[in-house]
Amino acid sequence: MVNAGAMSGSGNLMDFLDEPFPDVGTYEDFHTIDWLREKSRDTDRHRKITSKSKESIWEFIKSLLDAWSGWVVMLLIGLLAGTLAGVIDLAVDWMTDLKEGVCLSAFWYSHEQCCWTSNETTFEDRDKCPLWQKWSELLVNQSEGASAYILNYLMYILWALLFAFLAVSLVRVFAPYACGSGIPEIKTILSGFIIRGYLGKWTLLIKTVTLVLVVSSGLSLGKEGPLVHVACCCGNFFSSLFSKYSKNEGKRREVLSAAAAAGVSVAFGAPIGGVLFSLEEVSYYFPLKTLWRSFFAALVAAFTLRSINPFGNSRLVLFYVEYHTPWYMAELFPFILLGVFGGLWGTLFIRCNIAWCRRRKTTKLGKYPVLEVIVVTAITAISAYPNPYTRQSTSELISELFNDCGALESSQLCDYINDPNMTRPVDDIPDRPAGVGVYTAMWQLALALIFKIVITIFTFGMKIPSGLFIPSMAVGAMAGRMVGIGVEQLAYHHHDWIVFRNWCRPGADCVTPGLYAMVGAAACLGGVTRMTVSLVVIMFELTGGLEYIVPLMAAAVTSKWVADAFGKEGIYEAHIHLNGYPFLDVKDEFTHRTLATDVMRPRRGEPPLSVLTQDSMTVEDVETLIKETDYNGFPVVVSRDSERLIGFAQRRELILAIKNARQRQEGIVSNSIMYFTEEPPELPANSPHPLKLRRVLNLSPFTVTDHTPMETVVDIFRKLGLRQCLVTRSGRLLGIITKKDVLRHMAQMANQDPESIMFN
């Protein structure tokens with residue numbers, strides 16, 4: 001029923017040339033690569049290097065360099081990705097504080113760095129030091145009162161608008177591909193689609209600069225998703241330096257998979273989580289060799305970031321925490337409730353965000369990207385400033401919500417009423433009744449939660465770099481912290497209830513609200529992205545606590561179950577479908593009972609299939625066929641009468657072959673006969689010189705019979721990464737199925753518009 005052989009067409013591509021001509025084997029923009037062909041070409045290249053290595057010492061050294069080039073590329077990706085992440089972190093820290101004030105001793109210092117260097121800073125007033133001045137103090141010499149508040153408010157809004165305007169303008173003018181999170185496109189590229197320029201040098205530069213600007217502007221977005229795009233741009237740049245990767249799109253994608261792992265490694269300080277994220281979420285083809293190299297790239301990236309130490313706490317992320325209290329079985333119930341909340345929030349967010357993005361695409365709104373960014377930034381800044389939890393950067397907010405209340409904490413969330421007789425170790429403070437600060441913090445958090453939920457829907461998808469990890473975690477962390485404080489107060493005031501009696505005695509430290517915030521963050525991130533294993537490992541690496549894996553797993557699995565009950569798509573798959581990228585998701589199931597003959601082209605009533613014959617068409621005939629059609633390739637048959645299949649010729653290679661033959665081979669004219677056989681056909685004595693193109697022909701194209709179930713065909717396309725598949729009956733060619741035909745058919749079977757899969 002199904003046959004496939006080793007791909008031919010390697011080595012020299014034209015019989016009259018010793019060397020292959022330039023650009024052969026490359027693909028045009030917005031086309032899909034042929035994975036089998038790329039694999040075959042790499043095997044041939046490797047075989048040639050191995051046989052040559054026995055000829056001389058120099059060839060042996062070259063073969064060693066070729067073998068090591070993969071590890072060198074990983075090292076370079078790790079170093080550059082780690083350095084860029086460190087620079088972005090430092091710049092964001094400074095520019096976020098710039099909205100509130102400036103350091104007099106050195107304007108490039110952030111608030112914290114400014115006060116570190118000051119000798120007049122006391123521990124109690126560590127956030128206030130003479131060297132750091134708010135804009136009201138600097139401009140009108142007032143630090144308190146209504147006029148100072150209004151001036152600071154206005155400066156906050158103006159800086160936010162300036163940063164956002166600069167970011168959207170840079171993206172619009174220099175690198176339109178630098179917008180969004182980049183993960184949906186990277187998933188599509190890794191599945192074999194070509195988007196030229198998406199991982200280019202300009203995109204890398206502009207994305208890095210604008211990422212700093214948009215995060216500093218206070219918009220509800222994160223830098224973690226875009227850091228994966230930045231790391232993949234690094235991977236693409238270093239791939240182009242080595243011919244092993246630059247000339248083989250399949251090998252290049254192995255490098256990009258490892259680069260994605262390095263991106264998550266520096267985003268969360270989670271090297272193992274990064275490798276698992278690449279494996280679970282973005283990669284399409286992930287051989288064991290790529291797993292090791294991803295691990296190495298993630299390790300180097302994390303080590304580089306640790307050396308830069310952007311947060312000054314010897315940690316890779318701002319919200320690293322350590323808890324000292326174990327969790328108890330009874331707490332699984334609130335953890336699972338947080339999982340349910342995460343699943344519901346994920347579903348709500350995906351539906352609303354996709355509806356808004358679709359509206360942006362189909363209405364006039366999409367024509368004014370700069371205005372949209374300015375309006376959303378203005379609304380965000382005006383609404384965020386009055387609430388201390390939305391005014392600070394989202395990473396700082398998550399850090400505060402994750403934090404365990406120690407004796408030295410000055411946060412409102414730690415304003416508990418202390419027992420004057422308490423004499424206990426610093427890290428084991430018993431549960432206490434909530435003070436005024438905690439109640440104030442609770443309603444401020446509730447308002448911040450509603451604001452974040454609404455504003456994130458409109459922010460994600462604008463024409464600026466925008467990650468989703470951090471806003472999702474913030475939503476979950478706020479909900480989790482409020483639930484945690486509620487459970488803590490319940491346990492304190494009702495410790496004689498049967499639920500608390502066994503594990504929460506008076507004077508004990510039973511409940512850690514920060515842990516609930518962490519579980520809530522994991523649940524919401526899982527609900528939006530549908531990650532499970534990699535998510536739990538990332539959160540575990542953030543906290544360094546092995547014993548909290550079970551609560552995290554419970555929340556992640558619950559949120560995935562709840563979200564999947566409303567729809568199987570995560571946010572990235574939803575955006576892939578919205579943009580019409582040709583992505584065959586491995587997770588999708590095809591259960592319909594259709595056959596290859598129902599899907600193949602041509603259908604009934606359509607013109608017959610465009611084919612080439614093996615030895616009866618002229619150069620002019622072929623050029624006319626290429627001009628009049630836009631197919632990626634043509635089946636080659638014995639004759640139009642027999643329709644017996646010989647092989648398949650790619651459009652691009654036919655064009656290049658004819659062009660090169662006209663330039664380099666004498667006697668090739670428009671009425672020269674083109675033949676794909678070993679021996680030239682018998683021609684009249686006065687006929688022009690024929691053109692032999694057997695080397696361009698793939699003699700073993702993938703074929704299925706007309707009665708092959710579509711379930712099998714879909715599986716073949718997924719697992720082998722085919723571009724097209726020919727349909728035959730008893731060796732006679734009947735039609736062709738392309739990847740887009742498969743996607744159209746799947747959309748049709750799911751009652752969707754079959755044209756919605758066309759690249760938009």
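**Figure 1. Helix 13 and helix 17 are oblique to each other in this predicted model.** The two helices, helix 13 (residues 332-362) and helix 17 (residues 436-459), pack at an angle of about 40°, and their axes lie 8 Å apart. Angles that are neither under 35 degrees, nor over 145, nor from 65 to 115 count as oblique, and the pair is therefore described by that word. The crossing of helix 13 with helix 17 is right-handed. On the side of helix 13, the contact is made by Trp345, Leu348, Phe349, Cys352, Asn353, Trp356 and Arg360. These residues meet Ile453, Thr456, Ile457 and Phe458 of helix 17. By character, the residues of this contact comprise eight nonpolar, two polar and one charged. An α-helix has 3.6 residues a turn, so residues three or four places apart point the same way.

**Figure 2. A disulfide joins Cys103 and Cys114.** A disulfide is a covalent bond between the sulfur atoms of two cysteines. In this view, the sulfur atoms of Cys103 and Cys114 are 2.1 Å apart. A search of the whole structure finds one disulfide. The bond links distant parts of the chain, with Cys103 in strand 2 (residues 101-103) and Cys114 in helix 3 (residues 111-117), 11 residues apart. The torsion about the S-S bond of Cys103 and Cys114 is about 75°, so this disulfide is right-handed. Cys103 has a relative accessible area of 3% and is buried. Cys114 is likewise buried, with a relative accessibility of 0%.

**Figure 3. Cys232 and Cys233 are cysteines without a disulfide.** A disulfide requires two cysteine sulfur atoms within 2.5 Å. The cysteine sulfur closest to that of Cys232 belongs to Cys233 and is 7.4 Å away, which is too far for a bond. Cys232 is buried, its relative accessible area being 0%. For Cys233, the nearest cysteine sulfur is that of Cys234, at a distance of 7.0 Å, and Cys233 is in no disulfide. Cys233 also counts as buried, at 2% relative accessibility.

**Figure 4. Helix 16 (residues 394-402) is mostly covered.** Of the nine residues in helix 16, seven are buried. They are Thr394, Ser395, Leu397, Ile398, Ser399, Leu401 and Phe402. The buried residues of helix 16 pack against several helices, namely helix 15 (388-391), helix 17, helix 18 (469-493), helix 20 (513-529) and helix 21 (533-543).

**Figure 5. Gln392 lies in the loop between helix 15 and helix 16.** Is this residue, Gln392, buried or exposed? Gln392 has a relative accessible area of 18%. Buried means under 20%, so Gln392 is buried. Beyond its neighbours within four places in sequence, Gln392 is in contact with Leu397 and Glu400. The C-alpha atoms of Gln392 and Glu100 are 10.0 Å apart in space, although the two residues are 292 residues apart in sequence.

**Figure 6. Helix 21 is mostly covered and is followed by Gly544.** Nine of the 11 residues of helix 21 are buried. These are Ser534, Leu535, Val536, Val537, Ile538, Met539, Glu541, Leu542 and Thr543. The helices against which the buried residues of helix 21 pack are helix 10 (249-268), helix 11 (271-282), helix 16, helix 18, helix 20 and helix 22 (549-566). Just after helix 21, Gly544 takes a positive phi of about 65°.

**Figure 7. Three loops contain a cis peptide bond or a positive phi.** Most residues other than glycine have a negative phi, and most peptide bonds are trans. Arg601 and Pro602, however, are joined by a cis peptide bond, with omega about 0°. Pro602 is found in the loop between helix 24 (596-599) and strand 4 (612-613). Glu643 is not a glycine, yet has a positive phi of about 55°. The loop that holds Glu643 runs between strand 6 (633-637) and strand 7 (645-650). Ser730, also a residue other than glycine, has a positive phi, near 55°. Ser730 is located in the loop between strand 12 (724-729) and strand 13 (732-738). With a relative accessible area of 66%, Ser730 is exposed.

Notes
Residues are numbered from 1 along each chain as its sequence is written. This is a predicted model: local features need pLDDT of at least 70, side-chain atom pairs count only at pLDDT 80 or more; totals for chains, interfaces and linings use all residues. Side-chain values use heavy atoms; hydrogens and water are left out. Helices (H or I, at least four residues) and strands (E, at least two) are DSSP runs, numbered from the N terminus. Buried means under 20% relative accessible area, exposed over 50%, partly exposed in between (1.4 Å probe, protein chains only). Axes are lines fitted to C-alpha atoms, for helices over the stretch in contact, and angles run from 0 to 180 degrees between N-to-C directions. A crossing is left-handed if the near helix is turned anticlockwise from the far one by less than a right angle, and right-handed if clockwise. Contact means heavy atoms within 4.5 Å. Ala, Val, Leu, Ile, Met, Phe, Trp, Tyr, Cys and Pro count as nonpolar, Asp, Glu, Lys and Arg as charged, and the others, Gly among them, as polar.
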